[in-house]
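Biologist: I am new to this structure and would love a close look at one part of it. Could you walk me through the largest pocket, and then through what lies around it?

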Amino acid sequence: MSSTPSPRTVVIRYVEAVRDGDADVIHDSFAEDATWHYPGSLPVSKVWQGRDAIINDFLGGMGPAFVPGSLEIALVSTLAEGDRVAAEWTSRATTVHGSIYDNRCLGIFTVRDGKITSVIEYADTHHVAATLFPDHDAPRPAGDA
């Protein structure tokens, strides 16, 4: 008889799998119909629908922005309440544009039946734009020159 892991355990396992490059655990962490919302006005800002789009297009699409082998992920903290987990992590890497990417991120994860069903990620999108998408013209708030 196996028991379903706690939501906090599922999220920690996922973040550690990203850190370690464990594709099987990353894939197994998500429900097939999961969503990942990355707010903002970047090329990756939208609600990503489905495990395959999250893994292959969103997460996998970010890989080419970094110098291979330079990405370091570190879990800072987690807070859990019911099926929701707030996880804070740092991401550091050298970008293919020669910049240093160093961002602290927060994800609000919803976990059901041992699988991540949704994520809303918050990060310094200005830093993401400047280091990962330097040629992207993001809309500017009214009043900015």
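Modeller: Happily; here is a tour of the pocket, then the nonpolar core, and then the charged pairs and one loop residue.

This is a predicted model, so a word on the ground rules: local features need pLDDT of at least 70, side-chain atom pairs count only at pLDDT 80 or more, and totals for chains, interfaces and linings use all residues. Residues are numbered from 1 along each chain as its sequence is written, and side-chain values use heavy atoms, with hydrogens and water left out.

The largest pocket has a volume of about 560 Å³. A pocket here is an open set of points on a 1 Å grid over the protein atoms alone, where a 1.4 Å probe fits, with protein on both sides within 12 Å along at least five of seven lines; its lining residues have an atom within 4 Å of a point. The volume is the space filled by probe spheres set on the points, which are joined across faces, edges and corners. There are 26 lining residues, and V18, L59, M62, L71 and I73 are the closest to the centre. By class, 20 of the lining residues are nonpolar, four are polar and two are charged. In this scheme Ala, Val, Leu, Ile, Met, Phe, Trp, Tyr, Cys and Pro are nonpolar, Asp, Glu, Lys and Arg are charged, and the others, Gly among them, are polar.

Where does the lining come from? At least two residues each are supplied by α1 (7-20), α2 (23-29), β1 (30-38), α3 (51-62), β4 (84-94), β5 (100-112) and α4 (125-132). The largest share, five residues, belongs to α3. These elements are DSSP runs numbered from the N terminus: helices are H or I with at least four residues, strands E with at least two.

Now to the largest nonpolar core, a set of buried Ala, Val, Leu, Ile, Met, Phe, Trp, Tyr and Cys residues joined through side-chain atoms within 4.5 Å. Buried means under 20% relative accessible area, exposed over 50%, and partly exposed in between, using a 1.4 Å probe and protein chains only. Among the 35 residues of this core, Y14, F30, W36, V44, F109, I116 and L132 touch the most other members. Helix α1 gives the most to the core, with five residues. Take F109: leaving aside neighbours within four places in sequence, its contacts (heavy atoms within 4.5 Å) include V11, Y14, W89 and I116.

The charged side chains come next. Six salt bridges are counted, each a side-chain nitrogen of Lys or Arg within 4 Å of a carboxyl oxygen of Asp or Glu. In one of them, R13 pairs with D28, with the closest N and O atoms 3.6 Å apart. R13 lies in helix α1 and D28 in helix α2, so this pair ties together parts that are 15 residues apart in sequence. R13 is partly exposed at 39%, and D28 is partly exposed at 35%. D83 and R112 also meet in a salt bridge, at 3.3 Å from N to O. Here D83 sits in the loop between β3 (72-81) and β4 while R112 is in strand β5, so parts 29 residues apart in sequence are tied together.

Finally, D113 lies in the loop between β5 and β6. Its phi is near 55°, a positive value in a residue other than glycine, and D113 is exposed, with a relative accessible area of 74%.
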